[in-house]
Structures are given as C-alpha cells and as structure tokens.
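Me: I would like to go through this structure in short questions and answers. Please reason each one out and end on what was asked for.

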Amino acid sequence: MDRLRKLSRPTSYLVLLCLLSLGSYVPAARAAIVGTESVAAEQDIEIQRGQLTRMLDNEVVKSYLLANGVDRETVQSRLDGLSDAEIRALSERFDEYPTGEGFETVLILAFLAFIALLITDILGYTDIFPFVKKTTE
Amino acid sequence: MCLLARICVVASALALAACASTPQTDAVLAMQMDGAPSVELTAVPFFPQTAYQCGPAALSTMLAATGEEVAPDDLVSQVYLPGREGSLQFELMAAARLRGFVPYVLAPQLDTVLDEVRADNPVLVLQNLGLDWHPQWHFAVVVGFDLSAGVMILRSGEQARHVIPLRLFERTWERGGHWAMVVMPPDRLPRTAQSRSYTRAIVELERLGRLREAATAYEAALARWPDNVVAGIGLGNSLYALGDLPGAESAYRRAAQRHPERGVAFNNLAQVLADRGRLREAEEFARRAVELGGPMRERFEETLERILANARRSPATGHLRSPDTAPVPAETYRNT
C-alpha cells in the first residue's frame, strides 16, 4: 500500500503530462457567465482550488479505489460524485478514513478481546452483541 | 499474571472508561429543549444489511424515506469497497448526489440530530461500535428517540428497531467524530441547515450536471435565505445551463436587486440578455458590472467587449448571437 502511494504522485504527473501533450486540456474560450463555484469561492478562501489540483487528486483516489477492488467501469462515476474537498481529503489520508462494515459477521477475536467487549457491552460502553440487553440508565 | 487477574485488570480499566462522560446527552436531558420529547419515524422503511454492507443498507433507508426506492444491492457498486469490506462516508454522499439528492453533514451535536428527526428527517450516522483500539465501524439510521426514557431508536444492521440508551449512542457516535448526515430531496431543506454550507452542498449538484434538481434546491434555499448570493446566482446559472433563458434572466434580475453591489449578478444578466437579443439592455448591465469591479473585473470587461462587438455587427436589431455566447454546458463552469 505504501509503495502504491509513493508511486501514485509521479504516476499522476506522468498521466497529466500525457494528457497535456495530447492537447485535450486546451481551455475553452472563457464563458461570459461567471460560474456558481467562483461566486462561492469568493466567500470561502479554502474553496480556491484549481482544476489541476482536482485532476491530480482524482488520479490518486482512483488508484486507491481500484486497488480496493472497485470496477473500472464504475470508478469514474464514483470519483465524479465526490466534492473537491472530499477528494482532497481522501487523496491525502485514504487509509485513515473508516469504512462502515457492520458487525454481524465472523469476529475473529482473541479470547481476551472477546471478554473485554462482553464486559463493556454489559456496562453500556459498547454495542457489539445483540444478545446483551441495552437497558436504559 | 494469570488469566483471571488479567481479566480483572481489564475489567476495572474498562469500568472506569465506561464512566466516560457523555456531555451532549447530559445537556440534552438537563435543559428543556423546544420540541417534542419523543418522536419515531415509523414510516421509514427497513433494509436489513448483508455481510459488511451496512453502507448500502443505510443509504437505501435514507433514499427510501424520501420516496426513492433503491435496493441496497443496487448501491453496492457505488459505495462498497471490497478491499476494505465496507463503505467510506464520502462515497455515501457521492452516491446520493449522483441520484439528484443533496447530502448534508450536520453539526456534530446531539440536539441537532434530534431536531432533524423532529422535522421528519432520518439521520445517517457513523458509529464505532467497538473500542478505540479495536474499532468496529458501522453506519446506522436514527429514526427516533424518547427523552423521558433516555433512548435513541435506530435502523441498524439486522435490527429494524434497535433501541439504545442515549449515552451509549453518544459514546459510539463520538468515536466517529460525531459524523451525521441527512439526505434531502431538492425541494426541502434540513431544519438545521446553515446558509453557507447548505448552498455549498447544492453547488455540488450543479457541478455534476443535475441542473433541474440544483435549480429546485436553489429556489428552496432562497425561500429560506433570500439574501444568499450563491443561491441567487446558482439558480440563474442552473436555468441558463438548462437553456431556460427567460427563467435565468428572471433569476439574475432578482439577484441583482438583492445584491446591487455585486458585479456578478449584472454580468450574468447582461449575458443572458445578449443571448436573447436585447443588446442595448445587455450593454447597460455589462457596464454596471465593470463599474462595480472587484476581483472579477476582467471577466466583466470581456463580457462587455463581446456585447459591444455583437452590437457593432448588427446595429439595427442586435439579434446576432455569436457562437461563444450560446448557453454553455455545466461542465464548462469548472473553468471559471
């Protein structure tokens, strides 16, 4: 995972270079209509991001998603749906974000951990075991 | 140390930890909150989760509560990460946007969650059901509470009605950073929505090209916050991108009235008037924008030049529309 992360920035730059050389990034003549994002950016300095940053962040997060088993067909739409701030956060700290899984499947716990959680459930500090009645306090 | 001793040490440490404070619950129970002391959104459907897929199940629940029927299986390809055997909270938001809804992260306060439930909005929450050193992350949906009994009611995992003490809820929720979100259909606002952050959330919908929904959401935002400039311009921009020039003109006029000190409203109004062939009026507003200046002054000057060039080309009627003033697709806004 670390190796992947180290590779992802240089790879992104390479991809970007290729895109630029293909000329697909020629900016269109600027639209006269000032976009809503520009108006919002005036209010919030942190919203001042560039298209370039978004493209780079996209590549980083894309590699994480693909590495975690997402289909090539769906990865682009998953990226599109994320805001610039969310993509930024994921590109920097992907592994730190929790993934909600649920709790009803096989828990491979050391015996001590199992007992610990049983006790904390009874004490009302955790909510792991459905068979432990969660009475009100 | 023998096993029994180890268990005792752990148990006592955990007992102390279990007395960890729950300040938000204390505050809620102590003060007289406005609003109903107990609510249950019984109409919210239940989708039992399958292995590891509380994300899809929770999101289905939220969407179904608004009338959008989507089975959890159909969300798996959008929100499930096989390599992590779970779902990222951001991807739940992305999936909601791609379906034309506005996901909105709430303030990290228990009373905020209760207020939303009182307003008939279920709340999707991230919980760590385990311990800090052995987390068990989970998504569930809050559908009710009872303050006199001190409980929270959730659709959670395989339990349609998971009733837990408020304190327990707070502890599991606190470990996840008090993260909670609502998923709004375009025409409704969360009860606790903040003007700036909610309009930012609508901008994401516009960015994705969900223009009809964005326009509806901006209208709803303007009904609550008539002075919100992002909503005012956003409405005009969404209608413009949809090709609804009369609607866009009317929206920009409203924005210009509300914000006569902002060049952007006049600039965009000038553009749509030019598109509709009313070059003299367009020129007047374009000039006003340039006069007001500001950081986008250069853009306003470009607009004015283009309008003047058009006027020169056909002085009599001013009906000529040059290609680069045609309504632009929403993606182009990313250039601006």
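Me: In chain B, what share of the contacts with a separation of 6 or more comes from residues 24 or more positions apart?
Reply: This is a predicted model, and the values are computed from it. Two residues count as in contact if their C-beta atoms lie within 7 Å. Among the contacts in chain B with a separation of 6 or more, the share from residues 24 or more positions apart is 59%.

Me: What is the matching share in chain A?
Reply: Chain A follows the pattern α-α-α-α-α-β-α along its sequence. For its contacts with a separation of 6 or more, the part from residues 24 or more positions apart is 50%.

Me: What percentage of the residues of chain B count as buried?
Reply: A residue is buried if 20 or more other C-beta atoms lie within 10 Å of its own. Chain B has 14 helices and eight strands. Of its 336 residues, the buried part is 52%.

Me: How many residues of chain A are in contact with chain B, and which helix of chain B gives the most to the side that touches chain A?
Reply: The contact involves 83 residues of chain B and 56 residues of chain A. By class, the chain B side has 38 nonpolar, 27 polar and 18 charged residues. So the count for chain A is 56, and the helix of chain B that gives the most, with eight residues, is α1.

Me: Which residue of β2(B) is the bridge partner of A:Gly100?
Reply: Strand β1 of chain A (residues 99–100) and strand β2 of chain B (residues 87–88) run antiparallel and are joined by two bridges. In β2(B), the partner of A:Gly100 is B:Ser87.

Me: Is helix α3(B) largely enclosed or largely open, and why?
Reply: The helix covers residues 54–65 and reaches 16 Å from its first C-alpha to its last, close to the 16 Å expected. Its buried residues include B:Cys54, B:Leu59 and B:Met62. Because eleven of its twelve residues are buried, α3(B) is largely enclosed by the rest of the structure.

Me: What phi does the residue B:Gly100, just after α5(B), take?
Reply: Helix α5(B) spans residues 89–98, and nine of its ten residues are buried. Among them are B:Phe90, B:Leu92 and B:Arg97. Just after this helix, B:Gly100 has a positive phi of about 85 degrees.

Me: Which residues touch the most other members of the largest nonpolar core?
Reply: That core holds 118 residues. One of the residues asked for, B:Val123, touches B:Leu106, B:Val113 and B:Val141, among others, not counting residues up to four places away in sequence. The full set is B:Val123, B:Leu124, B:Ile202 and B:Ala270.

Me: What distance separates the centres of domain 1 and domain 2 of chain B?
Reply: The domain assignment places domain 1 at 35–184 and domain 2 at 210–328. Taken over C-alpha atoms, their centres are separated by 41 Å.

Me: Is B:Gln257 buried or exposed?
Reply: B:Gln257 lies in helix α11 of chain B (residues 245–258). Its C-alpha atom is 11 Å from that of B:Val229, a residue 28 positions away along the chain. A residue is exposed if 12 or fewer other C-beta atoms lie within 10 Å of its own. B:Gln257 has 10 such atoms, so it is exposed.

Key
Residues are numbered from 1 along each chain as its sequence is written. Chains are lettered from A and ligands numbered from 1 in the order in which they are written. This is a predicted model: local features need pLDDT of at least 70, side-chain atom pairs count only at pLDDT 80 or more; totals for chains, interfaces and linings use all residues. Helices (H or I, at least four residues) and strands (E, at least two) are DSSP runs, numbered from the N terminus. The expected span of a helix is 1.5 Å times one less than its number of residues. Ala, Val, Leu, Ile, Met, Phe, Trp, Tyr, Cys and Pro count as nonpolar, Asp, Glu, Lys and Arg as charged, and the others, Gly among them, as polar. Two strands pair if DSSP finds at least two bridges between them. Domain bounds come from an automatic or database domain assignment. A nonpolar core is a set of buried Ala, Val, Leu, Ile, Met, Phe, Trp, Tyr and Cys residues joined through C-beta atoms within 7 Å.
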